[in-house]
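Here are a few exercises to try with a structure open beside you. Have a go at each task before you read its solution.

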Amino acid sequence: MNQLIDIIFSASFGYAVIRVTTPILFAALGSLIADRAGVINIALEGTMLVSALTGVAISAYTQSAWIGLLAAMIAGGLVGLLLAYFSLNLKTDIVLSGIAINLMASGGTVFVLYLIAKDRGISSSLPSLVLPKIQLPLIDQIPVIGAIFSNHNVLTYASLIAVLIVYIFLYKTPLGLKVRAVGENPDAADSVGISVIRVQYFALITSGVLAGMGGAYMSMGYVSWFAKNMTAGRGFIALAAEAMGGASPVGTFLTSLLFGFADALSNNLQSLSVPAEFIQTIPYIATIVGLVIYASRKTAQINKIKQQEK
Amino acid sequence: MSKNLRFDILRTALAIGIALFIALVIILFASKEPFTAISQLLIGPLGTVRHFGNVIEMTIPLVFTGLAVSIMFKASQFNLGAEGAFFFGAIGASIIAMKVALPIVVHPLVAILVGGLIGAVITGIPAVLKVKWGASELVSSLMLNYVALFLGLYLINYFFRDVNAGAMVSLPFLETANLLVLIPKTRIHFGIFIAAIMTVIAYYYLYKSKRGYEIIVTGENIKFAEYSGIKTGKVILMAQLIGGFIAGAGGATELLGMYTRFSWQALPGYGWDGVIVAILARNNPILVPIAAFFLAYLRIGADLMSRTTDVQNDVIAIIQGIMIVLIVATSFLSKYRHKMIFNEAKENLGETAKEGK
């Protein structure tokens with residue numbers, strides 16, 4: 001037990017939490033934008049995989065990590081576009097469209113991986129690059145704080161800034177207002193002249209770009225290669241984090257951090273004598289518990305309002 | 001009604017055709033020997049008894065998870081726990097098969113029953129969370145699949161592992177537990193009958209019983225169901241318990257029929273395949289075996305293709321995705337459908353006009 005406490009209160013654990021939160025946070029923000037526009041993006045998992053592979057492939061080909069990142073973001077946006085086309089134009093149920101995309105992504109990435117790297121599991125034969133880490137000036141000098149917050153991957157800082165941008169976008173811009181209006185009541189939004197389908201297209205593409213950044217981080221920061229199904233359910237955890245965060249940017253950030261904590265804990269406890277399989281369930285159980293707490297709070301609120309109305 | 005069915009069949013066939021066509025184009029570009037690859041994919045499984053046997057072997061678990069997902073989707077419950085239920089059902093059945101001494105015939109049946117009950121628990125948890133607290137069954141069932149995976153591995157690797165086996169596998173099953181192999185030269189086992197019985201029961205339950213009717217009504221319009229006095233909470237729960245039971249029994253059957261030890265170290269993916277099967281079969285249990293056979297045929301064809309040529313079997317993933325999207329797409333061919341309905345109405349109108357004279 002003491003050992004556990006030592007681990008949790010060490011600076012390296014704090015650093016690890018932030019490090020593993022990044023991909024979840026990106027995907028959760030993507031989930032948030034889509035959700036606020038009234039469309040569920042369950043394809044986040046597949047989107048991250050596609051972008052992770054694209055980042056590796058393009059960075060290896062161009063020998064520029066930045067172009068790799070850009071390509072990963074574009075790829076994410078395209079997957080979002082595909083989801084939007086399936087669900088909004090072809091009118092396929094959006095959950096099933098998302099499942100279809102996830103299936104295509106998990107098999108398709110392996111197919112492409114074999115074509116370019118001649119390996120079905122890992123991309124280590126490709127000379128892909130990683131995005132740089134950043135030393136924060138001043139903060140770097142502070143003991144403990146510096147060790148926790150400095151020297152992260154550039155995308156980690158980008159994910160924190162993205163929380164702010166998503167917040168400003170949703171609550172302070174006309175387009176953000178439109179997104180929220182469409183999500184709250186599409187008929188009402190339509191009646192005041194907002195093109196619901198366009199707004200939802202925009203939301204799903206943006207959602208894809210954000211998940212794409214999470215994917216790029218996985219293969220060009222978290223590790224330096226692409227591996228088969230490397231996202232390991234992070235896209236789904238992100239859905240849960242967003243739902244639990246009450247579909248608000250700050251709430252989503254905090255819950256993502258919570259999952260990051262569970263994830264980091266499971267990584268760290270593996271060095272103790274606790275069985276690894278047991279520990280690996282932590283993030284998923286935490287997700288279920290969190291989801292139930294959030295949902296039950298919400299139904300309680302609704303019941304309260306109903307009673308007041310009576 | 002028959003027109004609707006005809007339209008559904010046409011649309012499904014066209015969706016499959018388009019998906020296959022796209023896959024063939026991809027193979028043409030990606031392969032140095034595209035024609036061998038394509039012929040392996042399409043007619044490879046017919047080549048030998050053993051390969052065709054492989055198709056039937058793979059059909060069996062797909063029927064189970066296809067039925068499981070169909071029933072849950074019929075109630076409009078996006079519970080994706082069939083994957084975890086299948087896996088954990090297999091774990092439960094293995095423990096019975098390893099550690100409980102029972103006479104022949106009874107042994108596998110008990111193991112399958114236990115597998116089914118465990119499966120029902122796995123899909124039942126998200127169902128209860130949904131009915132009681134309104135938590136999305138979609139997300140919680142996805143999470144639960146991972147929990148089932150790791151807990152299952154924990155059980156096998158720590159308590160039932162065969163340390164002398166040289167790989168991460170369980171102790172061997174007792175001989176009384178294995179399902180009978182029916183056809184020599186293949187591994188087609190007794191589970192095929194269990195799958196057939198499940199199919200018939202699921203069909204009658206869903207379409208010919210009061211409870212099944214409640215599931216269908218609840219799935220189509222939950223408000224309407226509530227106003228007609230159906231206890232929708234109970235119905236939703238029931239559908240998912242039954243789905244989980246079938247998936248769990250499927251995992252158990254697969255394991256006892258095909259293996260002599262528990263050797264999975266990852267989720268086998270049959271739960272997700274069940275979604276594909278259910279969509280192909282339009283959630284109709286009687287069509288599930290056909291859809292399962294089709295998917296198994298494609299899979300084995302793809303395996304043979306990747307073994308003999310330079311095309312990887314993952315190309316099948318693209319076929320599956322396109323099929324799902326096009327089959328479920330309500331606006332795919334909708335113009336044609338309108339035309340069909342319009343023509344039919346016009347004919348009827350003409351007839352009534354004649355009768356009027």
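**Exercise 1.** In this predicted model, work out how many helices and strands chain B has, and decide whether the chain is as compact as a globular protein of that length.

*Solution.*
Step 1: Count the elements. You should get 14 helices and 0 strands in chain B.
Step 2: Read along the sequence, and you meet the pattern α-α-α-α-α-α-α-α-α-α-α-α-α-α.
Step 3: Take the radius of gyration of chain B, 22 Å, and set it beside the 21 Å from the globule rule for 357 residues; the two values are close, so chain B is as compact as a globular protein of that length.
Step 4: For the outline, box in the C-alpha atoms of chain B along the principal axes, which gives roughly 85 × 60 × 35 Å.

**Exercise 2.** Now count the helices and strands in chain A, and put its radius of gyration to the globule rule.

*Solution.*
Step 1: Chain A contains 14 helices and 2 strands.
Step 2: Its radius of gyration is 20 Å, and the rule gives 19 Å for 310 residues; these are close, so chain A is as compact as a globular protein of that length.
Step 3: Along the principal axes, the C-alpha trace of chain A spans about 55 × 50 × 40 Å.

**Exercise 3.** Are α7(A) and α8(A) roughly parallel or roughly perpendicular to each other?

*Solution.*
Step 1: Remember what you need, since two packed helices are described by the angle between their axes and the distance between the axes.
Step 2: Helix α7 of chain A covers residues 154–172 and helix α8 of chain A covers residues 174–184; their axes come within 5 Å and cross at roughly 75°.
Step 3: Angles of 65 to 115 degrees count as roughly perpendicular, and α7(A) and α8(A) are therefore roughly perpendicular to each other.
Step 4: Find who touches whom. From α7(A) come F169(A), L170(A), Y171(A) and K172(A), while α8(A) brings P174(A), L175(A), G176(A), L177(A), V179(A) and R180(A).
Step 5: Sort the residues of this contact, and you get 7 nonpolar, 1 polar and 2 charged.

**Exercise 4.** Do the same for α8(A) and helix α10 (residues 196–222) of chain A.

*Solution.*
Step 1: The angle is about 110°, and the axes are 10 Å apart.
Step 2: α8(A) and α10(A) are therefore roughly perpendicular to each other.
Step 3: On the α8(A) side you'll find L175(A), K178(A), V179(A) and V182(A), which meet V196(A), V199(A), Q200(A) and F202(A) of α10(A).
Step 4: The residues of the contact of α8(A) with α10(A) split into 6 nonpolar, 1 polar and 1 charged.

**Exercise 5.** Which residues line the largest cavity?

*Solution.*
Step 1: The structure has 1 cavity of 30 Å³ or more, and the largest cavity holds about 40 Å³ of space.
Step 2: Its lining is made of F111(A), Y114(A), L115(A), A30(B), S31(B), D310(B), V311(B) and Q312(B).
Step 3: Helix α5 (residues 94–117) of chain A gives the largest share of that lining, 3 residues.
Step 4: By type, the lining has 5 nonpolar, 2 polar and 1 charged.

**Exercise 6.** Describe the second largest pocket and its lining.

*Solution.*
Step 1: The second largest pocket has about 1300 Å³ of space.
Step 2: It is lined by 38 residues, and D8(B), K74(B), A281(B), R282(B) and N283(B) lie nearest its centre.
Step 3: α1(B) gives the most to this lining, with 8 residues.
Step 4: Sorting the lining gives 22 nonpolar, 8 polar and 8 charged residues.

Key:
Residues numbered from 1 in each chain as written. Chains lettered and ligands numbered in written order. Predicted model: local features only at pLDDT ≥ 70, side-chain atom pairs only at ≥ 80, totals over all residues. Heavy atoms only, no water. 1 Å grid on protein atoms, 1.4 Å probe; cavity = no way out; pocket = protein on both sides within 12 Å on 5 of 7 lines; lining within 4 Å. Points joined across faces, edges and corners; volume = space filled by probe spheres on them. Helix = DSSP H or I, 4+ residues; strand = E, 2+ residues; numbered from the N terminus. Nonpolar A, V, L, I, M, F, W, Y, C, P; charged D, E, K, R; others polar. Axes fitted to C-alpha atoms, helices over the stretch in contact; angles between N-to-C directions. Parallel < 35°, antiparallel > 145°, perpendicular 65-115°, else oblique. Contact = heavy atoms within 4.5 Å. Rg over C-alpha atoms; globule rule 2.2 N^0.38 Å.
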